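These notes are meant to be read slowly, with the structure open beside them. Each numbered point takes up one topic.

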Protein chains: 2
Amino acid sequence: MREPDAEPCCPPLTERPFTAEEAERSARMFKALGDPVRLRLFTAVASHEGGEACVCDISDVGVSQPTVSHHLKKLREAGLLTSERRGTWVFYRVEPSVLAAMGRLLRAPAPA
Amino acid sequence: MREPDAEPCCPPLTERPFTAEEAERSARMFKALGDPVRLRLFTAVASHEGGEACVCDISDVGVSQPTVSHHLKKLREAGLLTSERRGTWVFYRVEPSVLAAMGRLLRAPAPA
DNA sequence: CCCTTGGTTCGATAACTGTCTATGTTGACG
DNA sequence: CGTCAACATAGACAGTTATCGAACCAAGGG
């Protein structure tokens, strides 16, 4: 009843070869995290108190402020973060289903 | 006693903001998997019988042979795959420590 | 109102990346 | 040797991306 994007997406990486479509979908997530600046922003949001952070809390990653905004947009477009304006500030939080999906992707096979 | 690269690398994504160096290292892995073709190649190797596959087993991903070779090289350089020549064929297998490292990265926090 | 502060959007640019064709290289087999 | 099959490397090119400064938009105070 939610968004159609809430599906499990893909089996574990080690289960079987991905189809083109599965690969396309999963690659988007990996690609979004495949940049050092974005990874720092993501971990900053994910580990911030209350599960959310305003941009001003996490902007200290060594690039200009427009660049921070650009990367946050990419993370939003990849479905990893959501944003909400509250008064003067904009708060970002991790999309909850995402970590579950990634965990599923990396679930190890039978350990022997 | 093994390679110095066998370190845990990084804490879970949700534990604390990554340092620049941690982000750099982890992003390399994510970036390598952030391409649909590479993801198909990786899953094909990871799921192949015996834990390894010759290039000829996995080359059917819709791009030319040199392109396959190029992507396999990227996966090797990222430390995700290793290769070994045996006679005419070259076999690729998943670097075992990698899945463990990725699993650690995505370990969920306390679920409440 | 105007100004300040927090963020986003725009436009430009340099760097990187995925893809191809063409060419090498390596090993097996007559 | 010569040839063939399996992969890799080299070089070229188009498309994408990370970055910046400048301009813009939104919300609160004076």
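1. Before the first point about the DNA, a word on terms: helices (H or I, at least four residues) and strands (E, at least two) are DSSP runs, numbered from the N terminus. A residue is near a molecule or strand if one of its heavy atoms lies within 4 Å of it. With those terms in hand, the largest share of the surface near DNA strand D, five residues, can be assigned to helix 4 of chain A.

2. Some conventions apply throughout. This is a predicted model, in which local features need pLDDT of at least 70 and side-chain atom pairs count only at pLDDT 80 or more, while totals for chains, interfaces and linings use all residues. Residues are numbered from 1 along each chain as its sequence is written, chains are lettered from A and ligands numbered from 1 in the order in which they are written, and side-chain values use heavy atoms, with hydrogens and water left out.

3. Staying with DNA strand D, 23 residues lie around this strand, and the nearest of them are Ser64(A), Thr67(A), His71(A), Ser69(B) and Tyr92(B). Of the atoms of DNA strand D within 4 Å of the protein, 73% are sugar or phosphate atoms, and the rest belong to bases. The residues of this surface divide into 10 nonpolar, eight polar and five charged, where Ala, Val, Leu, Ile, Met, Phe, Trp, Tyr, Cys and Pro count as nonpolar, Asp, Glu, Lys and Arg as charged, and the others, Gly among them, as polar.

4. Which kinds of atom in DNA strand D do the side chains of Lys31(A), Gln65(B) and Tyr92(B) approach? A polar contact is a pair of N or O atoms within 3.5 Å; within protein, one must be able to donate a hydrogen and the other to accept it, and residues adjacent in sequence count only if both atoms are side-chain atoms. A polar side-chain atom of Gln65(B) lies 3.4 Å from a base nitrogen of DNA strand D, whereas a polar side-chain atom of Lys31(A) is 2.9 Å from a phosphate oxygen, and one of Tyr92(B) is likewise 2.9 Å from a phosphate oxygen. Two or more residues of the surface near DNA strand D come from each of helix 2 (36-47) and helix 4 of chain A, together with helix 3 (55-58), helix 4 and strand 3 (89-94) of chain B.

5. DNA strand C can be read in a similar way. It is surrounded by 25 residues, of which the closest are Gln65(A), Ser69(A), Lys31(B), Thr67(B) and His71(B). Sugar or phosphate accounts for 74% of the atoms of DNA strand C within 4 Å of the protein, and the residues of the surface near this strand divide into 10 nonpolar, nine polar and six charged. Helix 4 of chain B gives the most to this surface, with five residues.

6. Phosphate oxygens of DNA strand C are approached by both side-chain and backbone atoms. In the side chain of Lys31(B), an N or O atom is 2.7 Å from a phosphate oxygen of DNA strand C. A polar backbone atom of Cys56(A) is 3.2 Å from a phosphate oxygen, and a backbone N or O atom of Val55(A) lies 3.4 Å from one.

7. Cys56(A) also leads to the disulfides, a disulfide being a pair of cysteine sulfur atoms within 2.5 Å; the structure holds two of them over all chains. In chain A, Cys54(A) and Cys56(A) are joined with their sulfur atoms 2.2 Å apart, and the link is right-handed, with 135° about the S-S bond. Buried means under 20% relative accessible area, exposed over 50%, and partly exposed in between (1.4 Å probe, protein chains only). Cys54(A) is therefore buried, at 3% relative accessibility, whereas Cys56(A) counts as exposed at 52%. In chain B, a disulfide joins Cys54(B) to Cys56(B), S to S 2.2 Å.

8. Where does Thr43(B) lie, and which residues does it touch? Thr43(B) lies in helix 2 of chain B and is buried, because its relative accessible area is 0%. Leaving out residues up to four places away in sequence, Thr43(B) touches Leu13(A), Arg16(A), Pro17(A) and Phe18(A), contact meaning heavy atoms within 4.5 Å.
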